[in-house]
Amino acid sequence: ASQAPFCPHSRALALASLKMMLGRIAAASRAAARGSFARPAAAAMVPAGARGFAAKVHSPRPLSIRGDGLFIQCVVAALVYFVPQDLIFLGGLFACWHNTAALTSPKVKQADAEAAVEEFKAKKGLESVKVSKGRSTWSVTV
């Protein structure tokens, strides 16, 4: 097996770059020990991330939104695309819920509501029930 010829300059170059990296690490550690990177006393009282001259922002809000900008165009396109299909889906969902509720407990018009409540109590064998009287609808709870 033949090996590549040894170049003495490549070893010297690697050694020099290693010394330079170690020198930078040592300089950084000396600077940290001296406190060169520490904040001044006035800046220590301000919370991290706060700036003295800027207003406090609670959420990222744009300063202005152009009516003909890309953001407004995307919002309009999304509304035009999604709202009709959402209305169709939600309309079907509400119709299904209404039909299920109407089949579970249908409304029946009674000529005499008080007689209907008494008949209901006798049929179910109940003594006392709470009757909520509305304008056109009465509801009974046990």
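How many aromatic pairs does the count come to? The count for this predicted model comes to two aromatic pairs; they are shown in the first two views, followed by the salt bridges, the largest pocket and the model confidence.

**View 1. Y81 and F82 form an edge-to-face aromatic pair.** The ring centres of Y81 and F82 are 4.9 Å apart, and the planes make an angle of 90°. Y81 has a relative accessibility of 54% and is therefore classed as exposed, the cut-off being over 50%. F82, at 42%, counts as partly exposed.

**View 2. F94 and W97 form the other pair, also described as edge-to-face.** Here the centres lie 5.3 Å apart and the planes stand at 65°. Because an angle over 60 degrees counts as edge-to-face, the pair of F94 and W97 falls in that class. Both residues belong to helix α3 (residues 70–104); they are three residues apart, so about one helical turn separates them. F94 is partly exposed, with 48% relative accessible area.

**View 3. R66 and D68 are joined by a salt bridge.** This is one of two salt bridges found in a search of the whole structure. The closest N and O atoms of R66 and D68 are 2.9 Å apart. R66 has a relative accessible area of 58% and counts as exposed.

**View 4. K121 and E118 form a salt bridge within helix α4.** The N to O distance between the two side chains is 3.6 Å. K121 and E118 are three residues apart in α4, so they are separated by about one helical turn. Is K121 buried or exposed? K121 is buried, because its relative accessible area of 16% is under the 20% cut-off. E118, by contrast, is partly exposed at 47%.

**View 5. The largest pocket has a volume of about 810 Å³.** Its lining consists of 20 residues, and K107, V108, Q110, A116 and W138 are those nearest the centre. Which helix supplies the largest share of the lining? Helix α4 does, with seven residues. Both α4 (113–124) and strand β2 (138–141) contribute at least two residues each. By residue class, the lining of the largest pocket comprises eight nonpolar, six polar and six charged residues.

**View 6. Confidence in the protein chain is highest in helix α3 and lowest in helix α2.** The mean pLDDT is 96 for α3 and 53 for α2 (residues 41–44). For the protein chain the mean is 82, with 81% of the residues at 70 or more.

Conventions
Residues numbered from 1 in each chain as written. Predicted model: local features only at pLDDT ≥ 70, side-chain atom pairs only at ≥ 80, totals over all residues. Heavy atoms only, no water. 1 Å grid on protein atoms, 1.4 Å probe; cavity = no way out; pocket = protein on both sides within 12 Å on 5 of 7 lines; lining within 4 Å. Points joined across faces, edges and corners; volume = space filled by probe spheres on them. Helix = DSSP H or I, 4+ residues; strand = E, 2+ residues; numbered from the N terminus. Nonpolar A, V, L, I, M, F, W, Y, C, P; charged D, E, K, R; others polar. Phe/Tyr/Trp six-rings, centres within 6.5 Å; stacked < 30°, edge-to-face > 60°. Buried < 20%, exposed > 50% of the residue type's maximum accessible area, 1.4 Å probe, protein only. pLDDT = per-residue confidence, 0-100. Salt bridge = Lys/Arg side-chain N within 4 Å of Asp/Glu carboxyl O.
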